[in-house]
Amino acid sequence: MNFLRNKHPETHRHSVRVAILGEELAISMKLSEKDKNNLVRGCFLHDIGKSFIPVHILDQQEPLSEEQWNILKLHPLLGAEMAKDFPGINNSITDVIRFHHERWNGTGYPNGLQGDDIPLLARICSVVDAYDAMQSFRSYRERSSIEQAKNELRSAAGTQFDPNIVEQFLMLTDQQLTL
């Protein structure tokens, strides 16, 4: 993560925020202490694979070419492969890293998993990751308001996201959602 912090500080900051929001949601969902800890670690490491992605792709303002998009889509696999050898990292954590871009309807990547075939902690990270991405400044778009981000999550519940997790996430207070 130190390498990622130096290479792309915003991705590092995003990872910290996703971990904090993941913990808030884990507490709200009454996950076990073990699952909560695995979720927080997985959320913190979810984008570690971006340390292998060229900065010009991460920072590109124009739409990515098909080749660039295919390179970017490697980050979950690269990250999971890298993290599996870290001390204290288990399969639940690497599953969060590997599967956080899978979609409830099966159109995600890297494996096209669908519904409950996507590990629960990865489904949780997916919602938190998307929310923070919408709340974050990007050079190619405006930052969403809390209400706009909530509406986006609502509209993607049942397609991109597990609707039960979105429902639980939307019960968090605006104070919990503001980092």
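By the grid rule used here, the count comes to 1 cavity of 30 Å³ or more. A cavity is a set of points, on a 1 Å grid over the protein atoms alone, where a 1.4 Å probe fits but cannot get out. This is a predicted model, so to speak with its own entry rules: local features need pLDDT of at least 70, side-chain atom pairs count only at pLDDT 80 or more, and totals for chains, interfaces and linings use all residues. Residues are numbered from 1 along each chain as its sequence is written, and side-chain values use heavy atoms, with hydrogens and water left out.

**Cavity**
- The largest cavity has a volume of about 50 Å³, where a volume is the space filled by probe spheres set on the points, with grid points joined across faces, edges and corners.
- Its lining consists of Glu 102, Trp 104, Ile 118, Arg 123, Ser 126, Gln 160, Phe 161 and Asp 162; lining residues have an atom within 4 Å of a point.
- Sorted by class, that lining has 3 nonpolar, 2 polar and 3 charged residues. Ala, Val, Leu, Ile, Met, Phe, Trp, Tyr, Cys and Pro count as nonpolar, Asp, Glu, Lys and Arg as charged, and the others, Gly among them, as polar.

**Second largest pocket**
- A pocket is an open set of points with protein on both sides within 12 Å along at least five of seven lines, and the second largest one has a volume of about 160 Å³.
- It is lined by 13 residues, and Arg 17, Asp 132, Gln 135, Arg 143 and Leu 179 lie nearest its centre.
- H2 and H8 are the elements that give two or more residues to this lining.
- The class split for this pocket is 6 nonpolar, 3 polar and 4 charged residues.

**Overall fold**
- You're looking at 11 helices and 0 strands; helices (H or I, at least four residues) and strands (E, at least two) are DSSP runs, numbered from the N terminus.
- The radius of gyration (taken over C-alpha atoms) is 15 Å, close to the 16 Å that the globule rule (2.2 Å times the number of residues to the power 0.38) gives for 179 residues, so the protein is as compact as a globular protein of that length.
- The C-alpha atoms fill a box of roughly 40 × 40 × 30 Å along the principal axes.
- Of the 179 residues, 45% count as buried, meaning under 20% relative accessible area (1.4 Å probe, protein chains only), with exposed being over 50% and partly exposed in between.
- Among contacts (heavy atoms within 4.5 Å) with a separation of 6 or more, 61% come from residues 24 or more positions apart.

**Nonpolar cores**
- The largest nonpolar core (buried Ala, Val, Leu, Ile, Met, Phe, Trp, Tyr and Cys residues joined through side-chain atoms within 4.5 Å) has 28 residues, and Leu 39, Ile 124, Tyr 131, Leu 153 and Phe 169 have the most contacts inside it.
- Helices H2 (9-28), H3 (33-45), H8 (120-135), H9 (146-156) and H10 (163-170) each supply at least two residues of this core, and H8 gives the most, with 8 residues.
- Leaving aside neighbours within four places in sequence, Ile 124 is in contact with Leu 25, Met 29, Leu 31, Leu 39 and Ile 165.
- Apart from this core lies another, of 9 residues, including Leu 45, Ile 48, Ile 93 and Ile 97.

**Backbone oddities**
- Tyr 109 and Pro 110 are joined by a cis peptide bond, with omega about 15°; Pro 110 sits in the loop between helix H7 (91-99) and H8.
- Lys 30 has a positive phi of about 60° although it is not a glycine.
- Lys 30 is in the loop between H2 and H3, and is exposed, with a relative accessible area of 72%.
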